[in-house]
Each structure stands twice: as C-alpha cells, then as structure tokens.
Amino acid sequence: MPPGIHAEMEAIDVLLREWQSMGLDQPQVAEKFAGCDLYVTCEPCIMCATALSIIGIREVYFGCANDKFGGCGSIMSLHNGAASSSDELSGSQASTPKGFKCTGGIMAEEAVALFRCFYEQGNPNAPRPHRPVRMPQQ
C-alpha cells in the first residue's frame with residue numbers, strides 16, 4: 001500500500017478492481033458492497049466514513065476511536081448517512097450517503113498498542129527524510 005493511503009480506501013479499490021475484472025456492472029457492485037463488513041484498527045476518518053457511506057457498505061467494526069478525525073462518532077457521525085451541510089448548500093447531486101452500521105471499541109486497548117508500536121518504530125513507507133519520533137519523557 002502506498003504511503004498515505006487509508007486502509008478503507010485501499011479495501012474499496014481492491015474490491016472494485018476485482019469485481020470489475022469479473023465483469024460486474026454498477027448495480028452488481030453496489031449489491032456486493034451492501035453485503036460487505038469491514039474491520040479496521042481505528043475509527044474511519046471523515047473522508048473514509050463518507051466514502052464507505054456512499055458505496056453502501058453494510059457494517060464497519062473498529063478498535064480505537066479517532067479523536068482527531070473520526071467520522072463514525074468521535075468528531076462526526078457520517079455512518080448515519082446524513083448529507084453534509086456543504087452538499088446541501090451547494091445543491092450537489094453526488095451520490096447520496098446511505099449510512100452503515102458501525103461498532104467501535106473492539107479490542108480498543110490492543111488497537112492503541114498496535115499504533116503505539118508502529119509509531120515508535122517509525123513508518124518504513126513514509127517519505128524520506130523521516131521526522132524524528134518524539135518519545136514522552138517518563
């Protein structure tokens with residue numbers, strides 16, 4: 001996965017490529033997404049929650065909350081399917097968010113530990129030069 005790509009977006013891309021290679025048309029792809037559940041370590045961000053809502057995924061399960069950018073309850077509740085106020089103001093005719101069931105807090109402590117370990121080691125896929133990792137003083 002290229003640096004900066006969110007896991008949710010990568011999952012959508014992989015499934016779209018697979019289903020398109022099978023010759024599925026748009027309604028068939030929509031039906032497939034409606035039967036999908038997604039498991040991620042962290043609450044989807046606002047961008048990913050919007051994308052998941054638009055494609056009509058059935059359910060998302062996540063570990064820890066995303067207190068800065070969470071789109072499934074921490075900052076915004078886009079999983080409820082409500083259109084954003086900017087869409088309403090602009091009269092956007094883009095796909096209407098469908099919403100999805102969302103369950104968070106699954107193995108949350110373990111999810112936080114995974115992220116902590118990842119950031120302590122640094123991201124090997126990050127562009128060079130890496131920023132130094134700052135460890136809290138104890």
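A residue is called buried when its relative accessible area is under 20%, exposed when this is over 50%, and partly exposed in between (1.4 Å probe, protein chains only). Keep that in mind as you look through the views below. The model is predicted, so local features need pLDDT of at least 70 and side-chain atom pairs count only at pLDDT 80 or more, while totals for chains, interfaces and linings use all residues. Residues are numbered from 1 along each chain as its sequence is written, and side-chain values use heavy atoms, with hydrogens and water left out.

**View 1. The whole protein has five helices and three strands.** Helices (H or I, at least four residues) and strands (E, at least two) are DSSP runs, numbered from the N terminus. Follow the chain along its sequence and you will meet the pattern α-α-β-α-β-α-β-α. Of the 138 residues in the protein, 28% are buried. The protein exposes about 9,500 Å², with carbon and sulfur atoms supplying 55% of this area (Shrake-Rupley method, 1.4 Å probe; for residues, only the protein chains shown count as cover).

**View 2. Helix H3 spans residues 46-55 and has several buried residues.** They are Cys48, Ala49, Ala51, Leu52, Ser53 and Ile55. What do these buried residues of H3 pack against? Their partners are two helices, H1 (7-21) and H2 (26-34), and two strands, E1 (37-42) and E2 (59-64). Contact here means heavy atoms within 4.5 Å. Just after H3 comes Gly56, with a positive phi of about 80 degrees.

**View 3. Asp37 and Arg58 join their side chains in a salt bridge.** The term stands for a side-chain nitrogen of Lys or Arg within 4 Å of a carboxyl oxygen of Asp or Glu, and the structure holds two such pairs. In this one, the N to O distance is 2.8 Å. Because Asp37 belongs to strand E1 and Arg58 to the loop between H3 and E2, the pair ties together parts that are 21 residues apart in sequence. Asp37 is partly exposed, at 29% relative accessibility. Arg58 is also partly exposed, at 44%.

**View 4. Glu59 and Lys101 form a salt bridge.** Their closest N and O atoms are 3.9 Å apart. Glu59 sits in strand E2 and Lys101 in strand E3 (residues 101-103), so this pair links distant parts of the chain, 42 residues apart. Is each partner buried or exposed? Glu59 is buried, with a relative accessible area of 9%, whereas Lys101 counts as exposed at 54% relative accessibility.
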